[in-house]
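Reader: I am a first-year student, and I should be grateful for a close look at a single part of this protein. Please explain it step by step and then set it beside other parts.

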Amino acid sequence: AGPGRRSAAPADGKRGGRGGGVAFGPQPELLLREARPLSARGGRQRARAVVRRTAVVDVLEVGMEAALSCASSVPLRVESVTRPRPSRGPPDSRAKDGEEPLPLEGELVVDLVALDDAWLGLEGTEPGGMLTLFLAASDLEEALFSAIRSLVRERREEEGEGEAGEAEFGGAVKEPWDCAEVVLRAQDRFPEVMGELTEADMEPLLQSSAFIEVSWPSDSGTPYLACKAECSPLEESTIRAYKALLDQKHLFKALSGERPWDAVAEELERMMGQDGDDTPELRRRFLETSHQFNFTYSEARGHYVVKLRDEAQGHKEAAQELPAANGDHGTSQRRRSTLPPPPPPPLDDHALQQQRGSGSRRQHGLHSDPVGRSQREAERDLERWRERERERGRERR
């Protein structure tokens, strides 16, 4: 593990969370028998790692970010995992791609693809070493990731640009940013992480970082920082935790994609444990600038709720474009709602009596709309949060 990086938890998984599961820390490690190059795909270099099977493989998933000890500064993504063939299978069983035999009992074959286009790949077979899986980067790396995302958002707001898509935002965070500006923003947002660190400390601390790159442009005498990946490991782990909660539909309202942050934080703790009581709060603050999530504080409920940004935008667009039931498919529901409603039909004595009874029941809470009310509260809370962020930005300037 490089400087400033959290160390992995013990292999026996004693850093379990409150959920009762086994956690191996934010950066569990797998022992390598060997790592060797594979043919490039899509312009990116690939590698194949043969790892020893231990309890840590329980957290290994396709799509996870990882790094090899022989190329610790290169971010990789798990492309596929090949498990041992059944003991009763034919001895000449081959892997799906036909390149290699399936792994022996007690081993796994993990194919990896580089997230960094500039990586030239492994020169040959590298015996031994470690494969590190990243459920989260170090606090320093996550703080710098968050600071750069904050600067990207601020620049887009100043230029009057709207919400960026995932590819556009991811490309912006991979651009070089002035190191002093990034460090100043990180110190402002995460003083407990940055402490007395300055831009002069970044190069030695990030020398082996798989996620933050320090560069010195030829036309500038100052260092620049850039993210090597579009998303931080904590972002991707939080997406997995969020989607795991979506599968637990019996615990939440089916009509709402929102999840209490406390529930997501507990799922993250179950996955990788935590270092202290303030860890859930710090993780939430790391993620507040992410383009993947919408965080809202509900004053009525007294806690934060989180929703995937793409999911929230999809619900909004669907509501705006929903056609009316009268068959007028050329006009959106939003536009039609501005027209004056037709006058209600006259009520006879029986209908009037029913309406009075319904009103009485509503007064006693028998006909309420908790889903609609929570959505309105969330919208108001989100607007208040945005206004506070704008005020903070004006004060800093």
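In what order do the three strands of the open sheet with strands 11, 12 and 13 stand, and is their pairing parallel or antiparallel?

Author: The model is a predicted one. In the open sheet you ask about, the order of the three strands is 11-13-12, and the pairing is antiparallel. Strand 11, residues 259-260, and strand 12, residues 293-298, have a single partner strand each and stand at the edges, so each has one side without a neighbour in the sheet. Strands of a sheet pair through backbone hydrogen bonds, in either a parallel or an antiparallel sense. Six bridges connect strand 12 with strand 13, which covers residues 303-308, and this pairing is antiparallel. One residue pair may serve as an illustration: F295 has V306 of strand 13 as its bridge partner.

Strand 3, residues 65-68, offers a second example of pairing. Its antiparallel pairing with strand 4, residues 71-82, runs over three bridges, and a hairpin of two residues links strand 3 to strand 4. Here L68 lies opposite A71 of strand 4. Strand 3 also pairs with strand 7, residues 130-134, in the antiparallel sense, over four bridges; in this pairing A66 lies opposite L133 of strand 7. In a regular strand, side chains alternate between the two faces of the sheet. Accordingly, one may look at the directions within strand 3: E65 and A67 point one way, A66 and L68 point the other way, and all are buried.

A helix may be read in a similar manner. Helix 6, residues 233-246, has 14 residues and spans 20 Å from its first C-alpha to its last, close to the 20 Å expected at 1.5 Å a residue. Ten of these 14 residues are buried, so helix 6 is largely enclosed by the rest of the structure. Among the buried residues of helix 6 are L234, E235, T238, I239 and Y242.

Helix 6 packs against helix 8, residues 279-287, at an angle of about 105°, and their axes are 10 Å apart. Angles from 65 to 115 degrees count as roughly perpendicular, and the two helices are therefore roughly perpendicular to each other. Helix 6 contributes L234, E235 and T238 to the contact, while helix 8 contributes R283, F286 and L287. Of the residues in this contact, three are nonpolar, one is polar and two are charged.

Finally, these parts belong to a protein with twelve helices and 13 strands. Of its 397 residues, 43% are buried.

Definitions and conventions:
Residues numbered from 1 in each chain as written. Predicted model: local features only at pLDDT ≥ 70, side-chain atom pairs only at ≥ 80, totals over all residues. Heavy atoms only, no water. Pairing = 2+ DSSP bridges. Expected span 1.5 Å × (residues − 1). Buried < 20%, exposed > 50% of the residue type's maximum accessible area, 1.4 Å probe, protein only. Axes fitted to C-alpha atoms, helices over the stretch in contact; angles between N-to-C directions. Parallel < 35°, antiparallel > 145°, perpendicular 65-115°, else oblique. Contact = heavy atoms within 4.5 Å. Nonpolar A, V, L, I, M, F, W, Y, C, P; charged D, E, K, R; others polar.
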